[in-house]
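User: Please go through the side-chain contacts and the surface of this model with me, giving the cut-offs behind each term.

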Amino acid sequence: MNEMVNDVQGLTSTALIMALVIIGLVVWFFVNRASVRANQQIQLLEALLEEQKRQNALLRKLTENAADKAQPEQAPEDDAEKDFIRMIPER
């Protein structure tokens, strides 16, 4: 009778150890997977940041060029035209 109890205890302890090993491997798999995905997302975000910096620099260049072209050259106004406007009598 004692021999059967000893065999069952040995079997349960072995089964418990195997279950803990399997649970540990499953947990390790998901933690490792989450870590790899986080690293991939960080790399993608860094690539997006670099692309956005390049786009901002290009946009600044384009707006500076457009602003330079959009500034109309102001023709010097004649003092005679200003004087003529002043000479119109008010009613």
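User: Is Phe29 buried, partly exposed or exposed?

Analyst: This is a predicted model, in which local features need pLDDT of at least 70 and side-chain atom pairs count only at pLDDT 80 or more, while totals for chains, interfaces and linings use all residues. Residues are numbered from 1 along each chain as its sequence is written, and side-chain values use heavy atoms, with hydrogens and water left out. Buried means under 20% relative accessible area, exposed over 50% and partly exposed in between, with a 1.4 Å probe and protein chains only. Because its relative accessibility is 45%, Phe29 counts as partly exposed.

User: How are the rings of Phe29 and Phe30 arranged?

Analyst: Rings of Phe, Tyr and Trp (its six-membered ring) pair if their centres lie within 6.5 Å, with planes under 30 degrees apart counted as stacked, over 60 as edge-to-face and the rest as tilted. The count by this rule is one aromatic pair. The ring centres of Phe29 and Phe30 lie 5.2 Å apart and their planes stand at 75°, so the pair is edge-to-face.

User: Which residue meets Glu51 in a salt bridge?

Analyst: A salt bridge requires a side-chain nitrogen of Lys or Arg within 4 Å of a carboxyl oxygen of Asp or Glu. Glu51 and its partner are three residues apart in helix H1 (residues 2–70), so about one helical turn separates them; helices are DSSP runs (H or I, at least four residues), numbered from the N terminus. With 2.7 Å from N to O, the side chain that meets Glu51 is that of Arg54.

Terms used. Helix = DSSP H or I, 4+ residues; strand = E, 2+ residues; numbered from the N terminus.
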